[in-house]
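Work through the exercises below with the structure open. Try each task before reading its solution.

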Amino acid sequence: MGITLPILILAIPFTMFLVLGIGGVKMPRKVAGVIGILANASLLAICYTVAFRYFFSGDTQFIVDGVRQQLQVFDVTWLAFTERLVVKIGFLLDPICAMMLIVISTISFMVHLYSWGYMEHEPGFQRYYAFLALFTFSMLGLVVATNIFQMYIFWELVGVSSFLLIGFFYKLPSAVSASKKAFIVTRFADLGMLLGILVLTFYFPTFNFIDITHNTGNVLASTGGATFLGASVLTWALVLIFTGGMGKSAMMPLHIWLPDAMEGPTPVSALIHAATMVVAGVYLVARMFPLYLVEEASMQFITWVGAITAFYAAVVACCQIDIKRILAFSTISQIAFMMVSLGVARPDIHEGLGYMASMFHLFTHAMFKALLFLGAGALIHAVHSNNYTAMGGLRKYMPITHWTFLIGCLAIAGIWPFSGFFSKDEMLSAMFSYSPFWGYWMTMVAGLTAFYMFRMYFLVFWWEENPHYKEHKPHDAPWQMSVPLLILAAVSCVAGFIPFGHFVTWNGEPYDIHINAQVAATSLTVAVIAIAFAGWLYLKKNDKPSLMRQALPALWTAAHRRFYWDEIYLFVTRKIIFGGICKGIAWFDRHVIDATMDAFASMTQFVSVKIKGMQSGSVQTYVVWYFLGALVLAAITWICIL
Amino acid sequence: MMIGLACCSNSNMKAIRGVMVAGSTVLLAMSIWLVVDFLGLRAAGDASEMLYTGSWMWYAPLNIHLAVGVDGISVLMLLLSSIIVFAGTFASWKIDPLPKNFFLWFCLLSTGVFGFFISIDMFTMFMFYEVALIPMYLLIGVWGTGRKEYSAMKLTLMLMGGSAFLMLGLLGIYWHGTPEGGLHTWNILEISHNASIDPSWQNLLFCFTFVGFGVLGAMFPFHTWSPDGHACAPTAVSMLHAGVLMKLGGYGCFRIAIFLLPAAAQELAWIFIILTGISVVYGAFSACVQTDLKYINAYSSVSHCGMVLFAILMLNQTAMTGGILQMLSHGLMTALFFALIGMIYGRTHTRDIREMGGMMQIMPYLGVCYMIAGFASLGLPGLSGFVAEMTIFFGSFEHSDFFHRFFVIAGTSSIVITAVYILRVVGKVILGPVQNEHHRELTDASWWERLATVSLIVCLAGIGFFPNWLNETIRASFVPIIDALNSVF
Amino acid sequence: MDSVANIILYFIVAIAMVTFSVLTVTSRKILRSATYLLFVLLSTAVFYFQLGYQFLGAVQIAVYAGGIMVLFVFSILLTRHPDEKTALLTHHKRMLGITLSVVSLVVLLFALFNMPLLHGASLTEMIKAGNEITMAEIGTALVGTEKFQYLLPFEAVSVLLLACIIGGVVVARKR
Amino acid sequence: MTMDLSMLWYLVPSVIMFTAGVFGFITRRNMIAMLISLELILNSADLNFVIFNRFLFPGQMEGMIFTLFAIAIAAAETAVAIAIIINIYRSLGNTDINSAKEMRH
């Protein structure tokens, strides 16, 4: 494979960023929009070309004896730390990378198109496109990374583009603080990742993924059985690297930034905080999967973190008012689903079914969650509020949005034949095969998912019409926004039938997806019951929900307040770190260190003031001193003579 | 050379500007030419430790020479200095009283800096060091703002205190640096070849020299001159001081303290690792709660310069290379920061972040530049800070004992704290709603300000995108020092 | 063996010198202390004569007792009323002065009396032993350039005196 | 014992004169009085020169010449000092040493 297309994949969005970022101010919006869309369309075409060629060409570069190969298209030196630790920037093409190329370019294109309608009247539209381009560049750079350090570089870059996009409405203090929070939390997580990389490369000095994943035995051997605090250093390294993933993928307890990140423009939420960037953590684990397999403890860790997060986020999502927040928690929950699925994947359980399922879900989830977010954007665009309390009964006013949103909800709830059903079924069967406990646990989460999604769906589109509609009649969005919705809805309908196992598996060997009837039946039943329950509660306006709320006030409030995680963080950062440590250090600096230095100065001054009298200019005093000195000398002489 | 230029000019503002711009451009061009030529010579296979060496007897009884020579590191430091002088000239385009005198002292300061970097004779090095320090007093005391006399005095006295230690150390090296009966020499290379300093003496002298240079490098607990000094200094002086002068400390640390006293460096590094490790974290935490933009930046400089010394003390090639990269990166970045703060202050007449807000709406150009500087500071890939910090961390992590690990992890954690304070400022000052309605009338950057900032940003991004040639140049220059260190064991 | 007259003269002069010295510094009327100083200077001149330096004695009387004293008297009269008394000294200051002078006096005298070199040869022997210094010798010494001849200091002093004249005029002139 | 006018005899009054001068210099507040005391000290030094010349090096005249110059310089010095004192008196109204604290007026 030539290097032109891969280079173009990185170069197009970056050039666009520079062009729009530097020249954007002087550019009319139309021009900026057209440039952005065209560039993205070409990017889409190139990504599809590359991915399809990889999957379907049958070239021996890509596939040997039915096993898909990993291929470094190019890999150039960027920075040499030592002789062996060399950072390179390259392009690694393999199944998950090709899949991600498709996902990113598709969603990015949809979002660009959608934003053209959604953001057209916002000031700084050009800047917005520039940031989107920067994000696309960084995300693509991340997925094609040949080595973990390249991934880290782009990891940081997606973080910063996320920061810029969340804070796009920079005049709003809430947007600013949300962007700050997102950046700092993920940065904290990245610190873990950096430390993980440091530990890993200290023992096994290479960054290259292929070197690492193909030599897992050597990696393990190179640590020489070193342990730290009871766990092997490799576990530590892997868990720390996973911490980075936890931050980006908003796993507990580093999830707090994601709901706030909804302050950004809605298309951004669809692109970054639903479909692409937040799955970077999953992608990272998938990338290093063979190495994680070596350390059982790290896999356990991933499973536990994922399972707890999935449940937590699902419960919280049931009690939110802001529809974007509901979707955000749903995203957290779904990503956690993927994490669990990766965590339970073992080569000996259906040939690593969990891995494949996780990737499959990543793919389908990206599509339907983007759909849902874009749909939510259309809703917000229509009623100018994020809260479902300002909505209700919208199905008559916004039919396109309604039907596409319903498809999205059905897909995420896991109803046949929508895409979510297939991927979720694969994940659940992987979990059931690993341990029934996790299977049932995650089935319950799936049920909750169906419940809260349909709670939102019913509250928004059924329930009762909001009286405000008389003054301000909501209507469907312009074509730029509707087309992406329709496309994504169509994808969500059919994506489940893709024989995904033929394309992406953990070791590149094809795997035939087969529906596990028992698991499918269970999850379908649970989902249907949950939907029915939601319908029973929310289809028509009634007081059952408020009665339920009153029955369990503490639980509702706690869930509504997201179990007080934000408050805990605020306490720790504001009170302890800011108020305690920082203020303390600043005080110490001013009043101890600086005061010591000043004390030296004032001591000198004090002494000089004291002895200034000797230099009074009074000749008489000088004479007195002179004579005293002379006398002392005389005395000394005398003593010496004696 | 530039003194002459400035002296010739009369007190006409235009003429002074013209002379300064011409001078600094020539200087910049010469530095770039020097770098290119240097790389060419190296590529041609000239492998001697220092290139362009020359030595003129200056004062025979004490064997003081005016000995010059450069290696990869000093070449880059010269380039850095000339870039900052260049940008500083534009940043102080409208300096108010006595512009001629200002630039005169400014030039003297830069003369000291350049002289320092090219000297390989300890005495002339020290002399240039002092030449660079003294103008600071006047520049801050006369053209500063706020409590300028206090700050100027504090800065000068503390640095002079440092120089006193340094002089002791240098004299010690002079007297002990030659084998019995040989002619005493000040020349760094000769002393290092002689390698005859007794280990017990080395320990003492190492402490003297390291503390002496450490004061200039803002090492905890000798850093307090930095916040006050920077806060009160005029823009260009802050730029040059934080950007270049503080680097003299780091440069001296490895060029003299470590290169000439390797045994002591191996033995005593731990003490200073503790101090610099504290600097790194402490500076960052302090910066979190400051409300004056310049104080924030000064503490951030303490943190970053702490990182430089920290890296140098790791005594391995990668970390030390990272240290130099950090010097370059911090020099450019902090110069940019101070330039921007000066420009903002020049418009709003306040540096208190509580009184500002929404600068992005008022002066988008400066806002964007500030954000770029901030990203460079918190180590965003693609800008220079990232490269430097990563090199330091990977180098430092080569030590596997618990002590080093602990401090490396503390050091890495500073990148998060850096993010916190940078974003705090960006969020409060640059983004958010406009705090003060009067600020709405302010104007964005003028062309000379744009020129100053762009020249710095281009360098930042240049290092960030293509770090490897710098890395290789610096790495190669560390070979003699690493050899000296290895020869001890 | 010195002549008795010489000894008597010595005592008279010595006693006068000591008394007037003490009076000079203790008198509260400044004009009086100037007058006492005049006596001290005169008695010094007498000592010079006695020691055989007639020219020096003459200079002492002419320059010191004549010139300088006039200056003093003028300045005193210019700056205060003749009968004005200086304020009483503060106690501790006077005590300090007395203590210091007495102690140094004691120390010096102690040193003098313990110095064996100072006894011995008498004045007459000394004057006989050394030749009388004639005016011609002094004159030659002052304008010669050989060893033990002092043209250069002589010129320096004359320039100094000139400078003093100008300086005195400049400093004291009315603005 | 024979009454020889030895060196000591001459030195004792000189010493007394000297200490009296010191006493006056320390204690007096009037500048003219201080100057007078200074003259005493100077005079005693002159006298010592002469005495030493006479008794230790009778064949030479360095001591005398020195005293000669000293007298000349003392005269010059007194003239200038008095000029300054008068000047101070003009600007301050008195000749008290304690009131002349600053150099410029």
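Two residues are in contact if their C-beta atoms, placed from the backbone, lie within 7 Å. The model is predicted, so to speak of a local feature requires pLDDT of at least 70, and side-chain atom pairs count only at pLDDT 80 or more, while totals for chains, interfaces and linings use all residues. Residues are numbered from 1 along each chain as its sequence is written, and chains are lettered from A and ligands numbered from 1 in the order in which they are written.

**Exercise 1. Chains that touch and chains that do not**

Task: Which chains share the most contacts, and how far apart are the closest C-alpha atoms of chain B and chain C?

Solution:
- Step 1. There are 4 pairs of chains in contact, and chains C and D share the most contacts among them.
- Step 2. Chain B and chain C have no contact; their closest C-alpha atoms lie 36 Å apart.
- Step 3. Chain B does not touch chain D either, and the nearest C-alpha atoms of these two are 25 Å apart.

**Exercise 2. The contact between chains C and D**

Task: Find how many residues chain D and chain C each bring to their contact, and which element of chain D gives the most.

Solution:
- Step 1. Chain C brings 73 residues and chain D brings 62 residues.
- Step 2. On the side of chain D, the elements that give two or more residues are α1 (7-27), α2 (31-56) and α3 (62-92). Helices here are DSSP runs (H or I, at least four residues) and strands are runs of E (at least two), numbered from the N terminus.
- Step 3. The most comes from α3(D), with 21 residues.
- Step 4. Sorted by class, this side of chain D has 43 nonpolar, 14 polar and 5 charged residues. Nonpolar means Ala, Val, Leu, Ile, Met, Phe, Trp, Tyr, Cys and Pro; charged means Asp, Glu, Lys and Arg; the others, Gly among them, are polar.

**Exercise 3. Chain A and chain B**

Task: Describe the make-up of each chain and state what share of its residues is buried.

Solution:
- Step 1. Chain A has 25 helices and 6 strands, and chain B has 20 helices and 2 strands.
- Step 2. A residue is buried if 20 or more other C-beta atoms lie within 10 Å of its own, exposed if 12 or fewer, and partly exposed in between.
- Step 3. By that rule, 55% of the 642 residues of chain A are buried, and in chain B the share is 63% of 489 residues.
- Step 4. Along the principal axes, the C-alpha trace of chain A spans about 120 × 65 × 55 Å, and the C-alpha atoms of chain B fill a box of roughly 75 × 55 × 45 Å.

**Exercise 4. Unusual backbone in one loop**

Task: In the loop between α9 and α10 of chain A, inspect Ala250(A) and Pro253(A).

Solution:
- Step 1. Most residues other than glycine have a negative phi, and most peptide bonds are trans.
- Step 2. Ala250(A) is not a glycine, yet its phi is positive, about 60 degrees.
- Step 3. Ala250(A) counts as buried because it has 30 C-beta neighbours inside 10 Å.
- Step 4. The peptide bond that joins Met252(A) and Pro253(A) is cis, with omega about -5 degrees.
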